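Let's take a look at how a ligand is held, and then at one of the helices. Have the structure open as you read.

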Amino acid sequence: MAAMTEEIDVLLGLIKNPVIEREGMRDFVKGTLEGRACVAVFSRIGKVAAASTATLLIQRFGVDSILFAGVAGAIEPGLKVGDIVVGREFIQWDLDARPLFEYGEVPMLGMTRFPADERDTARLRKAIDRVLAARASDPENSDLTPHLTIVTEGLIATGDRFVGTQAENSRIRSLLPDAKCVEMETAAVAQVCYEHGVPFAAFRILSDSADDSAAMDFQEFLREKAGPIAAQAVVEFLRLPE
Ligand code: ADE
């Protein structure tokens with residue numbers, strides 16, 4: 001599952017015997033990748049879109065786990081464009097029903113942070129390390145070597161807003177000091193997966209610094225880098241033993 005067409009286009013080209021099923025205005029591409037049955041889908045943007053797509057994947061397509069690949073804006077100081085965050089926990093940073101519930105808490109569920117599946121996350125981390133190692137030995141990708149690229153694991157903050165000012169970045173950082181990055185889908189998918197008992201793992205390649213120059217950096221990065229890297233990581237993930 002990915003939130004932007006650029007992220008999923010490369011992957012779609014690799015799926016064998018693809019069959020497209022259209023449901024809820026989405027194209028679900030069924031087929032095999034690295035010998036495994038899979039369904040690839042563009043989640044669309046935002047929490048409602050992503051949650052609805054995840055529900056269809058589980059209910060209609062019967063998937064037994066979900067992997068999310070995407071881009072995000074950096075929140076943790078020191079992280080820069082091209083670095084990669086593997087999600088360990090996911091929170092909806094714009095969900096705030098205080099004083100009735102805690103900040104970020106999903107009412108009725110009593111959950112604030114949704115955990116990533118440990119096994120799939122460890123496998124994902126290994127896959128990403130392999131992709132970076134392979135790219136390091138390719139001179140065309142000298143800007144994305146393991147030495148220059150930080151891969152970190154931690155909290156991903158999701159909200160229905162593109163964070164494009166330093167002021168908003170600082171506000172999120174003060175609310176969630178351990179947040180690594182912001183984006184607009186994964187905590188919603190993590191909630192759906194939690195409610196249905198489906199393992200979930202996600203990674204985000206940083207496309208911008210979620211500050212005043214975010215919109216410009218984001219467009220360029222998406223086209224040039226994120227799609228190919230995301231697709232390679234998913235392929236490596238599937239190659240690794242479960
Ligand atoms: N996805 C990529 N960059 C983002 C940002 N700055 N805010 C929200 N979602 C993003």
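A quick term before we start: helices and strands here are DSSP runs, counted from the N terminus, with at least four residues for a helix and at least two for a strand. And do keep in mind that this is a predicted model.

So who sits around the ligand? Strand 4 gives the largest share of the shell, 3 residues. The elements that supply two or more residues are strand 4 (66-74), strand 8 (179-183) and strand 9 (200-208). In total, 13 residues surround the ligand, and the closest are Gly73, Phe162, Val163, Glu183 and Asp208. Sorted by class, the shell holds 8 nonpolar, 2 polar and 3 charged residues.

Three of the contacts involve a nitrogen atom of the ligand:

| Residue | Atom on the protein side | Distance to a ligand nitrogen |
|---|---|---|
| Gly73 | backbone N or O atom | 3.3 Å |
| Val163 | polar backbone atom | 2.8 Å |
| Asp208 | polar side-chain atom | 2.7 Å |

How much of the ligand gets covered by the protein? On its own the ligand has 260 Å² of accessible area, and the protein covers 96% of that. The space it takes is the second largest pocket.

Now for helix 5, residues 186-196. Since 8 of its 11 residues are buried, helix 5 is largely enclosed by the rest of the structure. The buried ones are Thr186, Ala187, Ala188, Val189, Ala190, Gln191, Val192 and Cys193. Just past the end of helix 5, Gly197 adopts a positive phi of about 65°.

How values were computed
Residues numbered from 1 in each chain as written. Predicted model: local features only at pLDDT ≥ 70, side-chain atom pairs only at ≥ 80, totals over all residues. Heavy atoms only, no water. Near = heavy atom within 4 Å. Polar contact = N/O pair within 3.5 Å; in protein donor to acceptor, adjacent residues only side chain to side chain. Areas by Shrake-Rupley, 256 points an atom, 1.4 Å probe, with all protein chains shown as cover. 1 Å grid on protein atoms, 1.4 Å probe; cavity = no way out; pocket = protein on both sides within 12 Å on 5 of 7 lines; lining within 4 Å. Sits in = over half its atoms within 2 Å of the grid points. Nonpolar A, V, L, I, M, F, W, Y, C, P; charged D, E, K, R; others polar. Buried < 20%, exposed > 50% of the residue type's maximum accessible area, 1.4 Å probe, protein only.
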